[in-house]
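Biologist: Before we talk labels, can you put the thing on screen? I'd like to know what stands behind each term.

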Amino acid sequence: MTPERSSATPPGPARRRPRWAALAAIPVGVVVVVLIVVLAVSKQAGDSADSNLVGKAAPGLTGKLLDSASGKVTSTSFDLPAQPGKWVVVNFFASWCVPCRDEAPELKKWAEAHEAAGDGELVQIVYQESPSDSARFFRDNGGSSWPVVVGDTGNLSLDWGVAKVPETFLVDPSGRIVLKVIAPVTQAWLDRQIAEFQQAAG
């Protein structure tokens, strides 16, 4: 009895991919790598954002200040318009925000350098956090010599169009917002932006 043959055709030897197909894949791979690099760069520190506040006078910014040593809210208040002639970095943050913690050392370096030079000031606004948690954050990170606005800051967030943290605004010496940033910033990046605006202004 002759055994039945399978209707399936046995696989033949593997067919080699044409050389042109391999060469054609190279440009595609290059494009993919370039896109990955562009996307990575776009998320680096200092990613500027559109805002209808840019080019306009900064909204009012007043509030009670945090004593980072004691964790108490002081009777002292901060008033942004009372900072004429200085560059002001307005930073909305919270200690539960990981990117905020990442940028904290850079903001501290910027604040201390410009405080010593007398040409700039950092002011931070606590976003959806208790003063005690903010105070603990500053105690763990070497304190703060700059104003930290606490308390009911919800209206400030609305006035400045803040939806998440960190968000940072650069206010020029005339009180006009020139830049909004929605990513962690560095001291070098902030100083570079200030230098560019100063150069453009002549």
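What follows is a short chat about aromatic pairs and the nonpolar core.

Modeller: Keep in mind that this is a predicted model. It holds eight aromatic pairs.

Biologist: Take Phe 93 and Phe 137: why is this pair called tilted?

Modeller: The ring centres sit 5.7 Å apart, and the limit for a pair is within 6.5 Å. The planes make 40 degrees; under 30 would be stacked and over 60 edge-to-face, so the pair falls into the rest, tilted.

Biologist: What makes it a link between distant parts of the chain?

Modeller: Phe 93 belongs to strand β3 (residues 87-93) and Phe 137 to helix α3 (residues 131-140), with their positions 44 residues apart. Both Phe 93 and Phe 137 are buried.

Biologist: And what makes Phe 138 and Trp 146 edge-to-face?

Modeller: Their planes stand at 75 degrees, and edge-to-face starts over 60, so the label fits. The centres are 6.3 Å apart, which is within 6.5 Å. Phe 138 and Trp 146 are both buried too, and they form one aromatic cluster with Phe 93 and Phe 137.

Biologist: Which residues touch the most other members of the largest nonpolar core?

Modeller: Out of 46 residues, Leu 61, Val 90, Phe 92, Val 148, Val 149, Trp 160 and Phe 169 do. Strand β3 gives the most to this core, six residues.

Biologist: What does Phe 92 touch, leaving out residues up to four places away in sequence?

Modeller: Its contacts include Ile 125, Leu 156, Trp 160, Val 165 and Phe 169. Ser 157 and Glu 167 are also among them.

Methods
Residues numbered from 1 in each chain as written. Predicted model: local features only at pLDDT ≥ 70, side-chain atom pairs only at ≥ 80, totals over all residues. Heavy atoms only, no water. Phe/Tyr/Trp six-rings, centres within 6.5 Å; stacked < 30°, edge-to-face > 60°. Helix = DSSP H or I, 4+ residues; strand = E, 2+ residues; numbered from the N terminus. Buried < 20%, exposed > 50% of the residue type's maximum accessible area, 1.4 Å probe, protein only. Core = buried A, V, L, I, M, F, W, Y, C linked by side-chain atoms within 4.5 Å. Contact = heavy atoms within 4.5 Å.
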